[in-house]
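Here are some notes on the model, set out as numbered points. They start with one side chain and work outward.

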Amino acid sequence: MISYIHIPVLAICFFTLMFMRRWWQCIDRLGFTREVGRRAPSLVQGDILAAAFAILPFVIATLDWSGVVLPGQSSPTPSWVAAFISLSSLGGCLFVLRNSSGRIAGNWAGTSESALRTVAALRIIGAAELAHALGVLQQHESRYTGGRTIETNAQEMRK
């Protein structure tokens, strides 16, 4: 039996994949793919996981509609099980992408703006981390020198 519940699930997964691809294309066109991958590895890993969850309904729907018997089974997977797996994987994809609503835009302009905002935010975070690290370093140095600076010209050299 062919289950048509896959059609809206596949449409949602298709558009999700398209929006994610468009965002990464904008990052690549800006030339910041390596920088984003280096500064936010969890962003890359989350998108890969979400893409895997979004591709799975296509595979499940193909297996359901074609009636392929998987190894170790005597009959094809029931349609309700395939529909449940598709809906579950769509839920997993949306759960992984729950905080990325700003990145997934409906047009190229919004996607480009989102990509630029992401790169700017990563650079601001990097600058703030560097400023904090320099402040901690200055506190650490002043603790061991007692807050005194020794000038080399103030010392007398005896022969």
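1. Met-18 is a convenient place to begin. At 28% relative accessibility, this residue counts as partly exposed, because the partly exposed class runs between the 20% limit for buried and the 50% limit for exposed. Keep in mind that the model is a predicted one. Met-18 belongs to helix α1. Its C-alpha is 10.0 Å from that of Ala-51, although 33 residues separate the two in sequence. Ala-51 is among the buried residues of α3.

2. On the overall fold, the chain has five helices and zero strands, which gives the pattern α-α-α-α-α along the sequence. Of its 159 residues, 28% count as buried.

3. Helix α1 covers residues 6-30, 25 residues in total. At 1.5 Å a residue the expected span is 36 Å, and the end C-alpha atoms are 36 Å apart, so the two values agree. After the helix comes Gly-31, which has a positive phi near 85°.

4. Which residues of α1 are buried? They are His-6, Val-9, Leu-10, Cys-13, Thr-16, Phe-19, Met-20, Arg-22, Trp-23, Cys-26 and Ile-27. An α-helix has 3.6 residues a turn, so residues three or four places apart point the same way. Note that the buried set includes Arg-22 and His-6 as well as Phe-19 and Trp-23.

5. Two cysteines of α1 deserve a comment. Cys-13 counts as buried because its relative accessibility is 0%, and Cys-26 counts as buried at 4%. The structure holds zero disulfides. For Cys-13, the nearest cysteine sulfur is that of Cys-93, 5.9 Å away. A pair must lie within 2.5 Å to count as a disulfide, so a 5.9 Å separation does not qualify.

6. Helix α3 has 26 residues and reaches 38 Å from its first C-alpha to its last, close to the 38 Å expected at 1.5 Å a residue. Its buried residues are Leu-43, Gly-46, Asp-47, Ala-50, Ala-51, Ala-54, Pro-57, Ile-60, Ala-61 and Asp-64. Just after α3, Gly-67 takes a positive phi of about 75°. A glycine with positive phi also follows α1, namely Gly-31.

7. UniProt, in an unreviewed entry, places the feature "transmembrane region" at residues 6-24, 48-68 and 80-97. How does the model look over these ranges? Residues 6-24 are 100% helix and 0% strand, with end C-alpha atoms 27 Å apart. Residues 80-97 are 94% helix and 0% strand, with end C-alpha atoms 26 Å apart.

8. Ser-100 sits in the loop between α4 (79-96) and α5 (108-145). Is this loop residue buried or exposed? Its relative accessible area is 7%, so Ser-100 is buried. A polar atom of its side chain lies 2.9 Å from the backbone oxygen of Leu-97.

9. The largest pocket holds about 220 Å³ of space. Both Leu-97 and Ser-100 are in its lining, along with Ser-42, Leu-43, Gly-46, Asp-47, Val-96, Arg-98, Asn-99, Arg-103 and Thr-118. Helix α3 (residues 41-66) supplies the largest share of the lining, four residues. Leu-43, Gly-46 and Asp-47, which line the pocket, are also among the buried residues of α3.

Technical notes: Residues are numbered from 1 along each chain as its sequence is written. This is a predicted model: local features need pLDDT of at least 70, side-chain atom pairs count only at pLDDT 80 or more; totals for chains, interfaces and linings use all residues. Side-chain values use heavy atoms; hydrogens and water are left out. Helices (H or I, at least four residues) and strands (E, at least two) are DSSP runs, numbered from the N terminus. The expected span of a helix is 1.5 Å times one less than its number of residues. Buried means under 20% relative accessible area, exposed over 50%, partly exposed in between (1.4 Å probe, protein chains only). UniProt positions are given in the numbering used here, feature names are shortened, and annotations may be inferred rather than shown by experiment. A polar contact is a pair of N or O atoms within 3.5 Å; within protein, one must be able to donate a hydrogen and the other to accept it, and residues adjacent in sequence count only if both atoms are side-chain atoms. On a 1 Å grid over the protein atoms alone, a cavity is a set of points where a 1.4 Å probe fits but cannot get out, and a pocket is an open set with protein on both sides within 12 Å along at least five of seven lines; lining residues have an atom within 4 Å of a point. Grid points are joined across faces, edges and corners, and a volume is the space filled by probe spheres set on the points.
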